[in-house]
Amino acid sequence: EESQMSRKGDIFEFVWPDLGLKAELSGLKDERGGVQVDVDITSESLGDLHYGRLILQSTSGREELVRKLSKNVRSDLNWASMLERMCKRTALEWKRANRPVDLADVKAKADSREVITGVLNIVENTISILFADMASGKSTIGLVCCLALAQNRPFPGIVPREQTTCLIIDNENITADENALRTAALCKALDVPVPRGVKWWHLRRAIQEEKEDIRAFCDQEKVGFILVDSFAGAAGKGPETADAGIALMDALHAVGRTSLVVAHIAKGMSNGGQPSDDSMTAYGSVFNTARPRNSWALKVEKRDDSELIVRIIHRKINLGRRRPPQYLRLAYEGSGDVPDRIHVSVPNPEEFVVDDDRLYDLVAGALTTEWQTTTEIFRGVRAVDEQVGYESVRTVLKRMAAEDGIEHQMGRGKGHPAKWRRAAEDL
């Protein structure tokens with residue numbers, strides 16, 4: 001009996017219309033013994049006939065399945081021939097997708113298709129990375145991308161080009177509660193209902209180990225965009241190594257969806273480190289910043305109890321020019337620990353970016369011959385100019401630490417913050 005084959009991603013479906021039979025093959029994995037696959041055979045009249053794991057090239061495995069189907073379903077069908085052709089076609093078609101091509105035959109377009117524009121430009125079928133220090137808004141920005149795409153509705157600074165189902169692969173939370181609360185607050189601020197189509201998946205192992213299941217789910221649910229939150233857990237053992245980072249990127253390529261990976265900043269740059277924009281890198285191997293199509297770093301420009309303003313630095317792009325820094329504001333409304341609303345907006349940098357010379361003078365004016373913490377100095381600066389952010393003051397202080405006339409005590413953990421004082425009258 002001849003079958004009709006169709007393919008959706010890495011799910012292969014074979015139908016025998018005259019017999020009322022259907023076989024679905026999914027979860028393909030190329031192992032040493034051959035291509036392993038989940039086989040689900042059903043009948044219109046009898047329902048489920050077989051579900052199990054099969055090696056496509058295994059003669060003994062197919063023969064065992066033939067005996068089961070001949071005994072339990074119909075003995076008059078040539079099950080051996082049907083399964084032989086099904087397994088061969090699946091193996092050949094699956095491997096054919098990854099063969100070399102001649103560049104002369106590729107009809108490439110100069111303009112890549114962006115699925116997200118605005119402060120981020122995320123290109124279809126590529127991997128991008130967004131990295132920053134802790135509590136810098138990176139997970140919220142990633143979630144905004146998902147919400148925008150799920151309903152094809154723009155948020156300030158995050159503009160979707162299409163509607164698609166999104167998948168959040170989360171290894172930092174064991175329940176979906178945090179993302180659900182954040183989703184509700186973001187949608188409430190826009191006065192729109194929470195959209196369907198943002199799926200949440202708690203990742204228990206490295207993506208490399210789960211990629212077949214993830215791909216099968218994405219095929220089934222028609223997922224077009226994946227948010228990985230965050231890199232270290234998704235990479236698995238030894239996330240600081242090149243092998244772990246490359247394995248994660250390879251796994252995402254195998255899943256075959258537009259992906260945004262959220263990551264922390266490299267060691268030595270977190271917890272108050274102030275690297276230059278062009279030296280910022282993601283945690284782990286240099287490949288984590290260099291291999292994705294686009295890489296962005298976040299720097300906090302202003303942070304207080306009610307709002308967070310970040311500068312988005314375009315660190316790397318495969319093709320084209322890096323974009324100038326972009327800005328995004330997250331404003332939190334509500335009196336409890338969980339915000340009632342999270343307002344997203346694109347601020348005017350002139351509202352909070354202070355001229356470098358003026359900023360230096362403000363910080364210098366706040367210093368005294370008595371030891372002061374960074375917070376105390378910041379309050380002194382804000383008493384003169386309310387536009388200055390805490391991170392800006394901290395950056396200037398770190399630069400001043402190398403100058404004559406400024407004394408600095410390193411912080412020693414909680415309860416022992418860094419302190420500064422003026423040792424001379426003239427800076």
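Me: Where is K222 found, between which helix and which strand?

Reply: Happy to start there. In this predicted model, K222 is found in the loop between α5 (207-221) and β12. Its phi is near 60°, a positive value in a residue other than glycine.

Me: Why is K222 called exposed?

Reply: Exposed means over 50% relative accessible area. K222 has 60% relative accessibility, so K222 counts as exposed.

Me: What about D191, and what makes D191 exposed?

Reply: D191 has a relative accessible area of 71%. The cut-off for exposed is over 50%, so D191 is exposed. The place of D191 is in the loop between α4 (177-190) and β11 (198-202). D191 is not a glycine, yet its phi is positive, about 60°.

Me: Which residues does the cis peptide bond join, and what is omega there?

Reply: The cis bond joins D229 and S230, with omega about 10°. S230 lies in the loop between β12 (223-229) and α6 (231-235).

Me: How do you know that N288 is buried?

Reply: Buried means under 20% relative accessible area. N288 has a relative accessible area of 0%, so N288 is buried. You can find N288 in helix α8 (residues 287-290).

Me: What makes the link from N288 to Y283 a polar contact?

Reply: The side chain of N288 reaches the backbone oxygen of Y283 at 2.8 Å. A polar contact needs N or O atoms within 3.5 Å, one able to donate a hydrogen and the other to accept it, so this pair is counted. Leaving aside neighbours within four places in sequence, N288 is also in contact with other residues, including I129, F231, P239 and M249.

Me: Why are β1 and β2 said to pair?

Reply: Two strands pair if there are at least two bridges between them. Five bridges join β1 (residues 4-8) to β2 (residues 11-16), so these strands pair, and they run antiparallel. Within this pairing, Q4 stands opposite V15 in β2.

Me: How do you know that β2 pairs with β3?

Reply: The same reasoning works here: five bridges join β2 to β3 (residues 21-31), and at least two are needed, so the strands pair. They run antiparallel. V15 stands opposite K22 in β3. The hairpin of β2 and β3 has four residues between the strands, and G20 takes a positive phi near 70° there.

Me: In the sheet β18-β20-β19, what makes β18 and β19 the edge strands?

Reply: The three strands form an open sheet in the order β18-β20-β19, with antiparallel pairing. β18 (372-373) and β19 (406-409) are the edge strands: each pairs on one side only. Four bridges join β19 to β20 (residues 419-422), and H408 stands opposite W420 in β20.

Me: Which residues touch the most other members of the largest nonpolar core?

Reply: L120, I122 and F225 do, in a core of 37 residues. Helix α3 (residues 138-151) gives the most to this core, with eight residues. Apart from this core lies another, of 30 residues, among them L203, I226, V228 and M249.

Me: What is I122 in contact with, leaving aside its neighbours within four places in sequence?

Reply: Its contacts include V115, I116, C145, F225, L260 and W296. Contact here means heavy atoms within 4.5 Å, so each of these residues has a heavy atom within that distance of I122.

Note on methods:
Residues numbered from 1 in each chain as written. Predicted model: local features only at pLDDT ≥ 70, side-chain atom pairs only at ≥ 80, totals over all residues. Heavy atoms only, no water. Buried < 20%, exposed > 50% of the residue type's maximum accessible area, 1.4 Å probe, protein only. Core = buried A, V, L, I, M, F, W, Y, C linked by side-chain atoms within 4.5 Å.
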